[in-house]
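Student: I would like to go through this model step by step, with a short reason behind each answer. Where do we begin?

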Number of protein chains: 2
Amino acid sequence: MITIHGMQDSGNCYKPRLLMALLGKPFHHVEVDSLDGSTRRPAFLALNPIAKVPVLELEDGRTLPESNAILAYLGEGSAFVPADPFERATMLSWMFFEQYSHEPNVAVRHSLLVYPSRKAQATPERLAETLDGGNKALAVMETALTRSNWLVGDAPTLADIALYAYTHVADQGGFDLAAYPGIRAWLSRIEALPGYQPMTWLPGT
Amino acid sequence: MITIHGMQDSGNCYKPRLLMALLGKPFHHVEVDSLDGSTRRPAFLALNPIAKVPVLELEDGRTLPESNAILAYLGEGSAFVPADPFERATMLSWMFFEQYSHEPNVAVRHSLLVYPSRKAQATPERLAETLDGGNKALAVMETALTRSNWLVGDAPTLADIALYAYTHVADQGGFDLAAYPGIRAWLSRIEALPGYQPMTWLPGT
């Protein structure tokens with residue numbers, strides 16, 4: 001059985017857990033607290049030299065870092081990856097948007113506000129910059145989700161899972177989703193998918 | 001014929017140009033200067049609401065943003081995409097690493113140092129942060145490229161093209177590649193590939 005090394009309270013780590021729940025597939029979860037130095041220990045660095053969670057570990061010991069690459073691997077051949085090459089590329093495009101334009105603002109602003117270790121970086125400029133960047137990313141999603149039920153084509157894909165992870169807790173970073181009715185309706189559509197589990201869920205619980 | 005809207009002096013825009021050169025395939029180039037407001041004009045926003053280059057435009061008018069998603073689309077079925085699913089996911093993992101851990105440090109530090117519009121953001125803290133983050137990303141690459149000629153498997157993939165784009169001009173961001181002999185040898189291997197073209201190259205020139 002595959003193992004996902006991750007932190008319960010992390011959107012990036014939630015992505016592969018949510019996909020596995022939606023696929024109805026079993027997996028092991030190993031909790032790794034990225035805030036207490038666990039990701040800097042030699043045993044973890046052997047799994048992922050970038051010292052970040054999540055990491056996927058296959059039964060034969062091979063490992064794969066980067067949440068969205070893990071989604072691509074675990075989702076391959078499933079209904080969450082479009083058959084059409086252009087739709088598949090569009091799905092990846094949203095996933096790169098998530099890591100470049102969304103997560104570094106929406107998720108990072110939350111960590112700046114909440115984690116004591118980030119306090120020194122939580123300057124007024126940085127908080128303003130991430131608020132602006134996060135709202136720009138949310139506005140791009142709102143435009144897309146006003147036109148369509150899902151980010152790509154007419155069914156949920158890995159792009160929806162990747163962007164759901166931090167969007168559904170955007171309020172923790174000080175983002176008010178009241179201004180984004182398209183996003184709120186889309187969040188509800190994802191939460192109604194068969195097999196959906198919330199971020200707190202871990203396998204075996 | 002496909003069109004790549006991009007800026008000559010941008011590593012992200014160079015990625016799909018380099019891939020097309022290596023594949024020996026023709027394409028149109030439309031120069032878009034992201035520094036003079038061109039990406040904020042309605043005509044460009046219709047191509048890409050995220051207001052960023054590059055954007056791929058197909059013959060039928062469909063468009064695709066995000067440099068690494070464009071690589072995935074243009075490279076599909078070519079020798080630059082491994083057949084093995086795990087190697088393909090590992091290739092994507094490096095591409096997400098590029099956009100999350102490498103480009104926001106190595107490329108952004110260059111833009112902070114060079115572009116007048118970024119001057120206000122070029123604080124000592126931001127320059128120190130990007131120097132540290134960039135060297136961490138380069139160290140991860142160095143470890144991989146000391147063990148192997150290419151980032152994934154035993155042949156060049158889209159991951160090498162994606163990471164070559166800003167690594168080969170890392171000195172412009174104040175990064176000294178003398179400390180990274182594995183990276184320097186890898187840069188030379190890429191530059192020796194049949195069809196290779198430098199960043200300044202545009203089709204028809």
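Tutor: We begin with a term: two residues are in contact if their C-beta atoms, placed from the backbone, lie within 7 Å. The model is a predicted one.

Student: Which residues of α7(B) meet residues in α5(B)?

Tutor: The α5(B) side consists of L138(B), M141(B), E142(B), L145(B) and T146(B). By class, this contact of α5(B) with α7(B) has five nonpolar, two polar and one charged residues. On the α7(B) side, the residues are G182(B), I183(B) and W186(B).

Student: How are α5(B) and α7(B) oriented to each other?

Tutor: Helix α5 of chain B spans residues 124-147 and helix α7 of chain B spans residues 181-191; their axes come within 7 Å and cross at roughly 70°. Angles of 65 to 115 degrees count as roughly perpendicular. The two helices α5(B) and α7(B) are therefore roughly perpendicular.

Student: Which residues are the bridge partners of H5(B) in β2(B) and in β3(B)?

Tutor: Strand β1 of chain B (residues 3-6) pairs in the parallel sense with strand β2 of chain B (residues 28-31) over four bridges. β1(B) also runs antiparallel to strand β3 of chain B (residues 55-57), joined by three bridges. For H5(B), the partner in β2(B) is V30(B), and in β3(B) the partner is V55(B).

Student: What is the hand of the β-α-β unit that β1(B) and β2(B) make with a helix?

Tutor: The helix of this unit is α1 of chain B, residues 11-23. Together, β1(B), α1(B) and β2(B) make a β-α-β unit that is right-handed.

Student: Which element gives the largest share of the side of chain B that touches chain A?

Tutor: In the contact between the chains, 24 residues of chain B meet 24 residues of chain A. The elements of chain B that give two or more residues to this side are β4 (63-65), α3 (67-75), α4 (85-114) and α5. By class, the side divides into 15 nonpolar, six polar and three charged residues. The largest share, eleven residues, comes from α4(B).

Student: What kind of axis relates the two copies, and which residue of chain B comes closest to the rotation axis?

Tutor: A turn of 180° with a shift of 0.0 Å along the axis lays chain B on chain A with an RMSD of 0.0 Å. The copies are thus related as by a two-fold rotation axis. The same surface serves both copies, since 100% of the contact residues of chain B recur in chain A. Of the residues of chain B, the one closest to the rotation axis, at 3.0 Å (C-alpha), is Y100(B).

Definitions and conventions:
Residues are numbered from 1 along each chain as its sequence is written. Chains are lettered from A and ligands numbered from 1 in the order in which they are written. This is a predicted model: local features need pLDDT of at least 70, side-chain atom pairs count only at pLDDT 80 or more; totals for chains, interfaces and linings use all residues. Axes are lines fitted to C-alpha atoms, for helices over the stretch in contact, and angles run from 0 to 180 degrees between N-to-C directions. Angles under 35 degrees count as roughly parallel, over 145 as roughly antiparallel, 65 to 115 as roughly perpendicular and the rest as oblique. Ala, Val, Leu, Ile, Met, Phe, Trp, Tyr, Cys and Pro count as nonpolar, Asp, Glu, Lys and Arg as charged, and the others, Gly among them, as polar. Copies are superposed by least squares on the C-alpha atoms of residues with pLDDT of at least 70 in both. Two strands pair if DSSP finds at least two bridges between them. A crossover is right-handed if, with the strands pointing away from the viewer, the path from the first strand over the helix to the second runs clockwise.
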